[in-house]
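Got your viewer open? Load the model, switch on the cartoon view, and keep the selection tool handy for a short walk around.

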Amino acid sequence: MNSVPNVVLNNGVRIPQLGFGVFQVGDEETTGAVLTALEAGYRSIDTAAVYGNENGVGRAIASSGLPRDELFIT
């Protein structure tokens, strides 16, 4: 995933153009899916409270060992 281009925001922060979405993924499956995505190099995770899988996203982030400031959770 090193070849994913970034977009530079108005404040100078660089965010990956490509993100991993978890719409319609059950909470239990979300943990493994997001962890796999993070291991593959994704640093942008697209989620929403209405998806009902925030706990799964949180578990994956916590267990990934990645610094939080390297991740974009939108």
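**Stop 1: a charged trio**

Select D27 and R59 and show their side chains: the two form a salt bridge, with the closest N and O atoms 3.2 Å apart. Keep in mind as you look that this is a predicted model. The pair links distant parts of the chain, since D27 sits in helix α1 and R59 in helix α2, 32 residues apart. Why can such pairs form? Side chains of opposite charge can pair when their charged atoms come close.

Now add E28 to your selection. R59 makes a salt bridge with E28 too, and here the closest N and O atoms are 3.9 Å apart. R59 belongs to helix α2 and E28 to helix α1, so this pair ties together parts that are 31 residues apart in sequence. Through shared partners, D27, E28 and R59 are joined into one network. In total, the structure holds two salt bridges.

Try colouring by accessibility. E28 counts as exposed, at 62% relative accessibility, while R59 is partly exposed at 35%.

**Stop 2: along helix α1**

Next, select residues 27–40, which make up helix α1. The helix has 14 residues and reaches 20 Å from its first C-alpha to its last, close to the 20 Å expected at 1.5 Å a residue.

Which residues of α1 are buried? Highlight D27, T30, T31, V34, A37 and L38. Turn the model until you look down the helix axis: these buried residues fall within an arc of 140°, so they line one face of the helix. On the other side, E28, E29 and E39 are exposed.

To see what covers the buried residues, bring up β3 (20–21), β4 (44–46) and α2 (54–64), which are among the covering parts. Then step just past the end of α1 to G41, which takes a positive phi of about 115°.

**Stop 3: F20 and its neighbours**

Click on F20, in strand β3. Is F20 buried or partly exposed? At 21% relative accessibility, F20 counts as partly exposed, because the cut-off for buried is under 20%.

Show what F20 touches beyond four places in sequence: A33, V34, A37, Y42, S44, I45 and D46. For D46, draw a distance line between C-alpha atoms; the two are separated by 5.9 Å, though F20 and D46 are 26 residues apart along the chain.

**Stop 4: a nonpolar patch**

Finally, switch to a surface view and select V7, L9 and V13. They form a nonpolar patch with about 190 Å² of accessible area together. V13 is found in the loop between β1 (6–8) and β2 (14–16), and V13 is partly exposed, with a relative accessible area of 32%.

Methods
Residues numbered from 1 in each chain as written. Predicted model: local features only at pLDDT ≥ 70, side-chain atom pairs only at ≥ 80, totals over all residues. Heavy atoms only, no water. Patch = residues over 30% accessible without salt bridge, like charges linked within 9 Å, V, L, I, M, F, W, Y side chains within 5 Å. Areas by Shrake-Rupley, 256 points an atom, 1.4 Å probe, with all protein chains shown as cover. Salt bridge = Lys/Arg side-chain N within 4 Å of Asp/Glu carboxyl O. Helix = DSSP H or I, 4+ residues; strand = E, 2+ residues; numbered from the N terminus. Buried < 20%, exposed > 50% of the residue type's maximum accessible area, 1.4 Å probe, protein only. Expected span 1.5 Å × (residues − 1). Arc of directions from axis to C-beta. Contact = heavy atoms within 4.5 Å.
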